[in-house]
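Let's take a look at charges and cysteines in this protein. Here is the structure to follow along with.

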Amino acid sequence: MKKVAVVFADGCEEIEGLSIIDVLRRLGVQADMVGLNSTAVNGAHNIKLTCDKTVDESLLDYDIVAFPGGATGAENLRDNEKLADLMVKRHEEGKWDAAMCAAPIALARYGVIADADYTCYPGFDKQTKKDAPSGHFKENITVTDDQHKIITSRGPATAWAFAYAIAEALGINTKDLKAGMLYDYLAENIQDSL
């Protein structure tokens, strides 16, 4: 069975992390909520999250480790040395990593997005370009770099697209779930509600 860890830090964008967990569990993927320092995490909008476990060496065993954004949450991920060491090891082992919104600043600081195609929340590319000048910033909704095994996305409204991109990187067919969750309907009709 495929396994994905979503790392939640205080100040994270709750919708971004929970969307990944929700979509992957619907698809039958083991999706674990991993707290950065504690199983009790307070999100950016004061939503209390209860994680399954905390960051430890088992992160090396996951097929993909994903980070939700939120400026404070992303900074907490970026500045955690234990997490940084584990993510660098994962990268050296050729494993998939994912980050959205502000969280690519963590991957940039770790050196994980060097030479890779990626995206992030508007404005945070200033920091990613400083820490990973060889990375290739894009403005796409999601960016999957198959060569460097990095998946990134822009912000809260792109959380489902990000979750589906993670599933697809695992080789999972998302067609039926996209239809069942009305994702295709949204894609076709969103202009009508703007």
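## Charged pairs and cysteines

R25 is partly exposed, at 42% relative accessibility (buried means under 20% relative accessible area, exposed over 50%, partly exposed in between, with a 1.4 Å probe and protein chains only). This is a predicted model, where local features need pLDDT of at least 70, side-chain atom pairs count only at pLDDT 80 or more, and totals for chains, interfaces and linings use all residues. Residues are numbered from 1 along each chain as its sequence is written, and side-chain values use heavy atoms, with hydrogens and water left out.

R25 pairs up with D52 in a salt bridge, meaning a side-chain nitrogen of Lys or Arg within 4 Å of a carboxyl oxygen of Asp or Glu. The count comes to 8 salt bridges, including these:

| Pair | Closest N to O |
|---|---|
| R25 and D52 | 3.4 Å |
| D125 and K129 | 3.1 Å |
| E168 and K178 | 3.0 Å |

D125 and K129 sit 4 residues apart in helix α5 (residues 125–131), so about one helical turn separates them. D125 is buried at 13%, while K129 is partly exposed at 41%. In the E168 and K178 pair, E168 is partly exposed at 38% and K178 is buried at 18%.

What about disulfides, that is, pairs of cysteine sulfur atoms within 2.5 Å? The count is 0. For C12, the nearest cysteine sulfur is that of C51, 7.7 Å away. C12 is buried, at 1% relative accessibility. C120 has its nearest cysteine sulfur on C101, 8.6 Å away, and C120 is buried too, at 0%.

Terms used:
A disulfide is a pair of cysteine sulfur atoms within 2.5 Å. Helices (H or I, at least four residues) and strands (E, at least two) are DSSP runs, numbered from the N terminus.
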